[in-house]
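Work through these exercises with the model open beside you. Try each task before you read its solution.

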Amino acid sequence: MFAQAPWLLIGLIMAEKLRLLEELEDTWLPYLTPKDDEFYQQWQLKYPKLILREAGSVPETLHQEVQGAFLSLHKRGCLFRDLVRVQGKDVLTPVSRILIGNPGCTYKYLNTRLFTVPWPVKGSTTNYHGAEIAAACQTFLKLNDHLRGETARAWGELAAREKADVDAVPLCIGPDFPRVGVGAFEGQDEADIKTRSAYNVTLLNFMDPQKMPYLKEEPYFGMGKMAVSWHHDENLVERSAVAVYSHSFEGPEEESEEDPQLEGRDPDIWHVGFKISWDIETPGLAIPLHQGDCYFMLDDLNATHQHCVLAGLPPRFSSTHRVAECSTGTLDYILQRCQLALQNVRDQADNGDVSLKSLEPAVLKQGEEIHNEVEFEWLRQFWFQGNRYKKCTDWWHQPVAQLEELWKKMEFVTNAVLREVRREGVPMEQRNEIVTAILTSLTTRQNLRREWRARSESQDVAQDHRIRSWQTPVPNSQTNGLPSLPSSPVSGCQSRIARTLPVDQKPECRPHWEKEDASMPLPFELTDIVSELRGLLAEARA
């Protein structure tokens, strides 16, 4: 439930990619840059929901604040490369990143949950670890507000073009281009547009191509080296917009137009590439990104098209603003889920043992599913990233401590259910119903604990810079002062790559405990328990 689906998706994508590469054989697909005569016409016809705002459309004071904020966070070591699992190997992403956004929000993609460093919204208090970090988060909230306004105007322009059927309106819009307001959308449509432009997080990215020993070549068009491979952005509200602010360290020579004599895109300049998903007929686009440029993906563009980031020579930051789909990704959500699971607890003894209100199979099944959710979707995801968030704020540490206490109580709930299953005199039919209700969740729990542990102990690792920022979890090993949860080191926990990470970024195997830990009602390894439950079902069928 928690780990298989993303890898199935990766498998389908890889199969489609191989099919496309086989069709291409040794030929390149065509792509266009601004120096090609048909570039803007193709953009208007095939990529109408892609909007570019040149740097002049952003106030100069905001440029200065944003670029200073990037540098402050980088100087403080607040952007991190991620240790991820791709095709059976541990790799470090070439891009360093941090998520900033609404307090308590998370953003999950490819089985990894990133936790926001909160920006300072009304009604929330955040203890930032330094005035520079506080100022940077304030700046990105200010940029977010600006980009929301620009997105609304871009929606209006798109609607006006469609209404008037005017193909000649350029999509590369400078600061003096007359803007159509959101009045083009009436009633419910306008409210819907605002919802789909209400960015709640931004993912900041940084990469210095000169420090990357290997970057993958773009495989379909021959566009050159990629910082981020072809992809759709994930875990977004359906048909929501994405806004990207780009900042590269350019000198005067890089600010000029591309050399018209150069075939294809200029490899010294950063570009964003676009193509229609799995289409080998329509030319792709390679759009140069200069310091302070912004681009917007509107409506369903992110679903119907793919984009990549093509590396230039200088280092580059970006701030990618998204409407993250947070229905199951906020702190409030998971706390409510925990409370729902624990409503079945009648009382708890001093030693932690609990008695249950109900043994209804549906109630027990729900409780065990939530047990898995909090362990594998939240706790392990958080501690996989070590103590990196302490660089910026301690906002998440009290909530995570609370989740750990609630999770531990769920371990006692599971133990209470198993006591009932083993109790003499329980009617066989009732025992079978209980076992059937919980067995799938316990089997999943055992399999996922094994998977995480096996990955943490794996030495088959490679430092591969050919991937986009896809992330999957690895366990952890420091307690960080949080109470009550056992967390003992596991032999071989750190892979070779993990050992190269700074101390505060090293993965932790958490939660983990040894058999002799008297504070825990159940063992970490559930193999014997799962076998016992399967045996009871087999005995009943005999």
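Two strands pair if DSSP finds at least two bridges between them. Keep in mind that this is a predicted model.

**Exercise 1. Place strand 11 in its sheet.**

Task: Find which strands are joined to strand 11 by bridges, and how they run.

Solution.
- Step 1. Start with strand 14, residues 294-297. Four bridges join strand 14 to strand 11, and the two run antiparallel.
- Step 2. Pick a bridge to look at. V242 of strand 11 has M297 of strand 14 as its bridge partner.
- Step 3. Turn to strand 16, residues 316-322. Six bridges join strand 16 to strand 11, again in an antiparallel arrangement.
- Step 4. Check a bridge here too. S248 has R316 of strand 16 as its partner.
- Step 5. Apply the cut-off. At least two bridges are needed for a pair. Strand 11 has four bridges to strand 14 and six to strand 16, so it pairs with both.

**Exercise 2. Sort the side chains of strand 11.**

Task: Say which residues of strand 11 point one way and which the other, and whether they are buried or exposed.

Solution.
- Step 1. Recall the rule. In a regular strand the side chains alternate between the two faces of the sheet.
- Step 2. Apply it. V242, V244, S246 and S248 point one way, while A243, Y245 and H247 point the other way.
- Step 3. Check the cover. Seven of the seven residues in strand 11 (residues 242-248) are buried.

**Exercise 3. Test the length of helix 3 and find its packing.**

Task: Compare the expected span of helix 3 with the distance between its end C-alpha atoms, then find what its buried residues pack against.

Solution.
- Step 1. Helix 3 covers residues 60-75, which is 16 residues. At 1.5 Å a residue, the expected span is 22 Å.
- Step 2. The end C-alpha atoms are 23 Å apart, which agrees.
- Step 3. List the buried residues. They are L62, H63, V66, Q67, A69, F70, S72 and L73.
- Step 4. Use the helix rule. An α-helix has 3.6 residues a turn, so residues three or four places apart point the same way.
- Step 5. Find the partners. The buried residues of helix 3 pack against strand 4, helix 4, strand 9, strand 11 and strand 16.
- Step 6. Look past the helix. G77 follows helix 3, and its phi is positive, near 70°.

**Exercise 4. Trace the salt bridges of D82.**

Task: Which residues form salt bridges with D82, and where do they lie?

Solution.
- Step 1. Recall the principle. Side chains of opposite charge can pair when their charged atoms come close.
- Step 2. D82 and R97 meet in a salt bridge, at 2.7 Å from N to O. D82 is in strand 3 and R97 in strand 4, 15 residues apart.
- Step 3. D82 also forms a salt bridge with R388, with the closest N and O atoms 3.0 Å apart. R388 lies in the loop between helix 8 and helix 9, 306 residues from D82.
- Step 4. Check burial. D82 and R97 are both buried, and R388 is buried as well.

**Exercise 5. Follow another link.**

Task: Where do K391 and D504 lie, and is K391 buried or partly exposed?

Solution.
- Step 1. The side chains of K391 and D504 meet in a salt bridge, at 3.9 Å from N to O.
- Step 2. K391 is in the loop between helix 8 and helix 9, and D504 in the loop between helix 11 and helix 12, so the pair ties together parts 113 residues apart in sequence.
- Step 3. K391 is partly exposed, with a relative accessible area of 30%.

Terms used: Residues are numbered from 1 along each chain as its sequence is written. This is a predicted model: local features need pLDDT of at least 70, side-chain atom pairs count only at pLDDT 80 or more; totals for chains, interfaces and linings use all residues. Side-chain values use heavy atoms; hydrogens and water are left out. Buried means under 20% relative accessible area, exposed over 50%, partly exposed in between (1.4 Å probe, protein chains only). The expected span of a helix is 1.5 Å times one less than its number of residues. Contact means heavy atoms within 4.5 Å. A salt bridge is a side-chain nitrogen of Lys or Arg within 4 Å of a carboxyl oxygen of Asp or Glu.
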